[in-house]
Amino acid sequence: MKSVLFSRFFLLLPWILIVILMLDVDTRRPAPPLTPRPYFSPYAVGRGAARPPLRRGGPGRGAERRNESRPQPPPEPPLPTIYAITPTYSRPVQKAELTRLANTLRQVARLHWILVEDAAARSELVSRFVARAGLPCTHLHAPTPRRYKRPGLPRATEQRNAGLAWLRQRHRHQRAQPGVLFFADDDNTYSLELFQEMRTTRKVSVWPVGLVGGRRYERPLVENGKVVGWYTGWRADRPFAIDMAGFAVSLQVILSNPKAVFKRRGSQPGMQESDFLKQITTIEELEPKANNCTKVLVWHTRTEKVNLANEPKYHLDTVKIEV
Ligand code: UGA
Ligand code: MN
């Protein structure tokens with residue numbers, strides 16, 4: 001009897017040991033997380049966006065792994081596209097200006113750059129530049145008639161109008177997607193915060209501009225959330241005493257005012273902004289941005305004329321170099 005018990009015990013012993021070992025190994029495994037762990041990939045931010053988090057609102061927005069069993073929050077409305085119209089003309093610093101500007105614009109989510117050359121045809125330099133710019137870009141051209149190329153006359157009228165015409169043509173059939181238009185001259189300096197501010201434009205938004213009008217800054221004066229006047233040192237009689245870099249317009253407003261354009265006839269330098277804004281809005285309607293127009297987020301910088309005193313008249317170098 002005893003020997004039978006013993007033999008049974010020894011027969012079972014290896015199995016008992018195996019079971020104990022398995023249980024032990026299993027308990028040493030880390031417990032599965034109760035809530036899905038968030039993951040962070042710079043290139044997996046929300047629906048279909050292949051851009052780093054920096055470009056969206058806050059860090060990790062939309063970056064949590066979806067839990068299929070839980071009710072989903074309603075999908076976010078699409079981020080309005082910012083259309084930046086940039087007139088540009090050939091000069092020694094052109095590629096440097098465009099490089100600086102592209103380096104800024106490349107960091108802005110959902111931005112479409114409309115680059116309009118002041119020329120009879122698209123140049124090779126700008127075409128090559130656009131191909132390598134690394135952001136969605138439409139490359140247009142429109143020449144300024146010779147008679148308007150004089151100091152004291154407004155600049156870039158035809159180019160901004162070409163950009164407006166392209167925008168209206170592109171959206172002529174479909175219902176307007178949310179969008180915001182901004183005139184981005186190629187020589188100004190833009191903070192990334194500016195694009196966050198303008199993206200929420202409902203009709204026409206305004207903000208201060210630094211280093212303009214003979215002062216450190218110009219700005220719309222705001223009372224109770226409404227624009228009531230202008231802080232400016234130059235032609236305070238302008239209906240909208242604001243630089244081209246100081247406002248943005250919603251795509252909807254551009255489309256519902258199809259005749260609003262920049263005008264040559266009767267327009268003086270510094271009045272282009274007023275002449276245009278008068279066609280689409282009123283002072284009462286303006287939406288102040290940048291903390292009630294108390295922050296400078298864009299600067300009307302101007303690049304010094306480059307010194308080419310020692311540039312040879314004829315090509316002397318052994319290679320041809322694009323500058
Ligand atoms: C100021 C305003 O900031 C401009 O928005 C306005 O167009 C200009 O005055 C004006 O007088 O019309 P400012 O710095 O004096 O600007 O002008 P620029 O920066 O020389 O020119 C504005 C834009 O037009 C730039 O993007 C420039 O590349 C472009 N431009 C200038 C041309 O396309 N063609 C030209 O012959 C000159
Ligand atoms: Mn300028």
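User: How many bridges hold β8 and strand β9 together, and do they pair in the parallel or antiparallel sense?
Analyst: Heads-up: the model is predicted, and local features need pLDDT of at least 70, side-chain atom pairs count only at pLDDT 80 or more, while totals for chains, interfaces and linings use all residues. Residues are numbered from 1 along each chain as its sequence is written, with chains lettered from A and ligands numbered from 1 in the order in which they are written. Strands are DSSP E runs of at least two residues, helices H or I runs of at least four, numbered from the N terminus, and two strands pair if DSSP finds at least two bridges between them. For β8 and β9 (residues 226-231), the sense is antiparallel and the count is five bridges.

User: Which residue takes a positive phi in the hairpin of β8 and β9?
Analyst: Glu223 has Lys226 of β9 as its bridge partner. The hairpin has two residues between the strands, and the one with a positive phi, near 50°, is Asn224.

User: What stands opposite Val209 in β8?
Analyst: β7 (residues 209-212) pairs with β8 (residues 215-223) in the antiparallel sense, over three bridges. They make a hairpin too, again with two residues between the strands, and Gly213 in its turn has a positive phi of about 65°. Opposite Val209, β8 puts Glu218.

User: Which strands stand at the edges of the seven-strand sheet?
Analyst: The sheet is open with mixed pairing, in the order β3-β2-β1-β4-β10-β6-β11. Two of these strands have a single partner each, so one side of each is left without a neighbour in the sheet; they are β3 (137-141) and β11 (287-288).

User: What is the bridge partner of Leu115 in β3?
Analyst: β2 and β3 run parallel, joined by five bridges. Leu115 is matched there with His139.

User: Which strand gives the most to the largest nonpolar core?
Analyst: A nonpolar core is a set of buried Ala, Val, Leu, Ile, Met, Phe, Trp, Tyr and Cys residues joined through C-beta atoms within 7 Å. This one has 55 residues, and Ile82, Ala84, Ile85, Leu181 and Phe182 touch the most other members. With five residues (111-117 is its full span), the top contributor is β2.

User: Which residues does Phe182 touch?
Analyst: Touching here is a contact, with C-beta atoms, placed from the backbone, within 7 Å. Leaving out residues up to four places away in sequence, Phe182 touches Ile82, Ala84, Met198 and Ala248.

User: How many charged residues are in the shell around ligand 1?
Analyst: A residue is near the ligand if its C-beta atom, placed from the backbone, lies within 6 Å of it. That gives 20 residues, with Tyr89, Asp118, Ala156, Asp185 and Met244 coming nearest, and β1 (residues 81-88) gives the most, three. Alongside six nonpolar and six polar residues, the charged ones number eight.

User: Is Asp187 buried or exposed, or something in between?
Analyst: Asp187 sits in the loop between β4 (179-183) and β5 (189-190), and touches Glu97, Thr301, Arg302 and Thr303, not counting residues up to four places away in sequence. A residue is buried with 20 or more other C-beta atoms within 10 Å of its own, exposed with 12 or fewer, and in between otherwise, with C-beta atoms placed from the backbone. Asp187 has 18 such atoms, so it counts as partly exposed.

User: How many other C-beta atoms lie within 10 Å of that of His300?
Analyst: His300 lies in the segment after β12 (298-299) and touches, among others, Asn188, Val209 and Asp243. It is partly exposed, because the count is 19.

Conventions
Nonpolar A, V, L, I, M, F, W, Y, C, P; charged D, E, K, R; others polar. Contact = placed C-beta atoms within 7 Å.
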